[in-house]
Amino acid sequence: MSRAEISHDASAGFDAVKQSAERIAAFLPPGAAPRIALVLGSGLGSYADALSDAKGIDYGEIGFPRSGVVGHAGRLVYGRAGKTASSPGVEVLLMQGRVHTYEGHSMQTVVLPVRALIMAGCKTVVLTNAAGGVGAGLEAGDLVLLRDHLNLMGDSPLRGHNDDRLGPRFPDMTEVYDAKLRAIAEQVAAKLSIRLKSGVYAGLLGPQYETPSEVRMLRGLGADLVGMSTVPEAIVARHMGAKVLGMSCVSNLAAGMSGQPLSHEEVTETANRVRATFIKLLDGIMAELVSVC
């Protein structure tokens with residue numbers, strides 16, 4: 001660990017978040033004021049290549065934990081999305097990858113980056129992930145807008161002492177994924193002729209993929225997608241009063257639905273296949289968010 005890094009443990013709280021937020025502010029170009037944070041999941045980090053005026057920094061330099069999972073580069077990138085000859089685009093802070101609880105991190109460490117981005121001024125958080133398809137009618141490569149989630153991870157990032165400087169003890173979760181942001185995403189997808197489905201995401205601890213019986217259980221509970229991230233980040237974003245938009249790329253059909261064994265290689269291969277569509281959709285959404293963020 002370099003001297004620039006902040007240690008991460010279960011007690012990571014306000015001070016660690018504040019320190020990371022200050023380092024983010026110091027990293028930004030003069031006059032920059034991004035209001036949108038974008039978290040890119042497995043295999044989706046290439047969206048950073050679509051940004052204009054991009055500037056990146058390693059997670060370790062701003063106190064973020066680094067993932068050891070393939071497809072998570074571990075860099076924070078500042079830039080403008082949707083920049084054209086007639087538009088300056090919208091400023092964003094983009095996370096190329098995230099850490100997960102299955103890597104051995106506490107929930108508090110997992111959510112520290114999102115908390116720091118919000119404290120640094122990002123009041124809208126866009127969460128993306130690669131997920132297994134559980135719901136009927138989903139296919140590998142589908143893009144799905146999250147309308148709700150199921151926290152089946154057996155833990156909460158809000159467990160333990162609540163620091164009122166971060167948010168209330170009992171935050172409301174009636175509308176985790178903002179309805180107005182979802183409407184914007186749907187309108188953009190329709191305009192671009194991109195098929196964007198809607199679904200409920202089930203967050204599980206992992207790292208093993210689900211059994212066929214577990215998949216049947218998830219379908220019975222109302223889940224359309226299953227993955228190992230996103231839910232903790234969405235919870236703390238709402239805890240801090242930020243708006244959340246969530247999207248999944250269906251990387252594969254869940255166990256027992258395709259007759260094929262599951263692998264992480266399939267996740268990244270599917271993400272690569274839909275990259276152009278994903279970038280086009282995100283650019284369109286970012287361009288519209290500038291008017292509401």
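How much area does the protein expose, and what share of it do carbon and sulfur atoms supply? The protein exposes about 12400 Å², and carbon and sulfur atoms supply 50% of this area.

**Figure 1. Overall view of the predicted model.** The protein contains 7 helices and 9 strands. Of its 293 residues, 55% count as buried. Among contacts in the protein with a separation of 6 or more, 81% are accounted for by residues 24 or more positions apart.

**Figure 2. Close-up of Thr 128 in strand E5.** Strand E5 spans residues 124–133. Thr 128 counts as buried because its relative accessibility is 0%, under the 20% cut-off. Beyond its neighbours within four places in sequence, Thr 128 is in contact with Leu 38, Val 39, Leu 40, Gly 41 and Leu 44. The list of its contacts also includes Arg 98, Thr 230, Met 247 and Phe 278.

**Figure 3. Close-up of the Thr 128 side chain with Val 39 and Gly 41.** A polar atom of the Thr 128 side chain lies 2.8 Å from the backbone oxygen of Val 39. The side chain of Thr 128 also reaches the backbone nitrogen of Gly 41, at 3.2 Å. Both Val 39 and Gly 41 are listed among the contacts of Thr 128.

**Figure 4. Close-up of residues 1–11, with the confidence of the model.** The mean pLDDT of the protein is 88, and 88% of its residues reach 70 or more. Over residues 1–11, however, the pLDDT is below 50. In the model, this stretch has 21 contacts beyond near neighbours in sequence. Predicted coordinates should not be read in detail where pLDDT is low.

Definitions and conventions. Residues numbered from 1 in each chain as written. Predicted model: local features only at pLDDT ≥ 70, side-chain atom pairs only at ≥ 80, totals over all residues. Heavy atoms only, no water. Helix = DSSP H or I, 4+ residues; strand = E, 2+ residues; numbered from the N terminus. Buried < 20%, exposed > 50% of the residue type's maximum accessible area, 1.4 Å probe, protein only. Polar contact = N/O pair within 3.5 Å; in protein donor to acceptor, adjacent residues only side chain to side chain. Contact = heavy atoms within 4.5 Å. pLDDT = per-residue confidence, 0-100. Areas by Shrake-Rupley, 256 points an atom, 1.4 Å probe, with all protein chains shown as cover.
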